[in-house]
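Reader: I'm happier at the bench than in front of a model. Could you show me how to read a helix and a buried side chain?

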Amino acid sequence: MTSTRQDAWTQDEDLLLAEVVLRHIREGGTQLGAFEEVGRTLSRTAAACGFRWNSYVRKQYKSGIELAKKQRKELKKQTNSEQLQDHSSEPVVTENVNSEQQELQLRDVIRFLEEYEKTESEFQKVVNENRNLNTQISKLQEQVKTLKAQNNTLENNIQLIEEDYKALIEIMERARKMVVLQEDERSKKVKFQMDRNGNLERVEK
């Protein structure tokens, strides 16, 4: 048994769905029959085909639907005219056929509604998941804004610390130079030595 598809519809699939539905309308068939035919061709459920037709494709083929209905009326008139000319047909047989058709259509309607309910439930589940994802995205966006603000604050603090560090280095460098100068001054001690005549004279180192 082949698994039913749940992926996105393509343009060719929409076109096939429209052609089959319009043919069924034109030939006096039911849309349910069209949905089942398309579903078998595309490996999709009849409910999924019906949902796609009613939610999107039907809006694109309003003029085509009207034309198909007119053609169906003309075909029905022609058929009725031929039946009136055919005296060999028996009303009892027609009645039985109509009864069988109504029973088949009722089964189709029940099956379609069951599949439609299942598809609607799956669609609602997707909507809920999408809503939850949007909520999570909003929360993440708020977190990103907060983190950006914190990052800007940290960058500003780092810049201030760097400026303070540079100023401290400059102060320390100036202090070091002052210490060196003071040591140089202290190292310049006055010394005396005796000359040949026995007198003391001042000698700078």
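Author: Gladly! Start with length: the expected span of a helix is 1.5 Å times one less than its number of residues. This is a predicted model, and its helix H2, residues 31–42, has 12 residues. From first C-alpha to last, H2 reaches 16 Å, close to the 16 Å expected.

Reader: Which residues of H2 are buried?

Author: A general idea helps here: an α-helix has 3.6 residues a turn, so residues three or four places apart point the same way. In H2, the buried residues are Leu32, Gly33, Ala34, Phe35, Glu36, Val38, Gly39 and Leu42. Just after H2 comes Ser43, with a positive phi near 60 degrees.

Reader: And how does the protein as a whole look?

Author: Its elements run α-α-α-α-α-β-β from the N terminus, which is five helices and two strands. Of its 205 residues, 16% count as buried.

Reader: Is Glu13 buried or exposed?

Author: To judge that, look at relative accessible area: buried means under 20%. Glu13, a residue of helix H1, has 7%, so Glu13 is buried.

Reader: What does the side chain of Glu13 reach?

Author: For a polar contact, look for a pair of N or O atoms within 3.5 Å. The Glu13 side chain reaches the backbone nitrogen of Thr10 at 3.2 Å and makes a polar contact with the side chain of Arg44 at 3.1 Å. Beyond its neighbours within four places in sequence, Glu13 is in contact with Arg5, Ala8, Leu42 and Arg44. Leu42 also appears among the buried residues of H2.

How values were computed:
Residues numbered from 1 in each chain as written. Predicted model: local features only at pLDDT ≥ 70, side-chain atom pairs only at ≥ 80, totals over all residues. Heavy atoms only, no water. Helix = DSSP H or I, 4+ residues; strand = E, 2+ residues; numbered from the N terminus. Buried < 20%, exposed > 50% of the residue type's maximum accessible area, 1.4 Å probe, protein only. Polar contact = N/O pair within 3.5 Å; in protein donor to acceptor, adjacent residues only side chain to side chain. Contact = heavy atoms within 4.5 Å.
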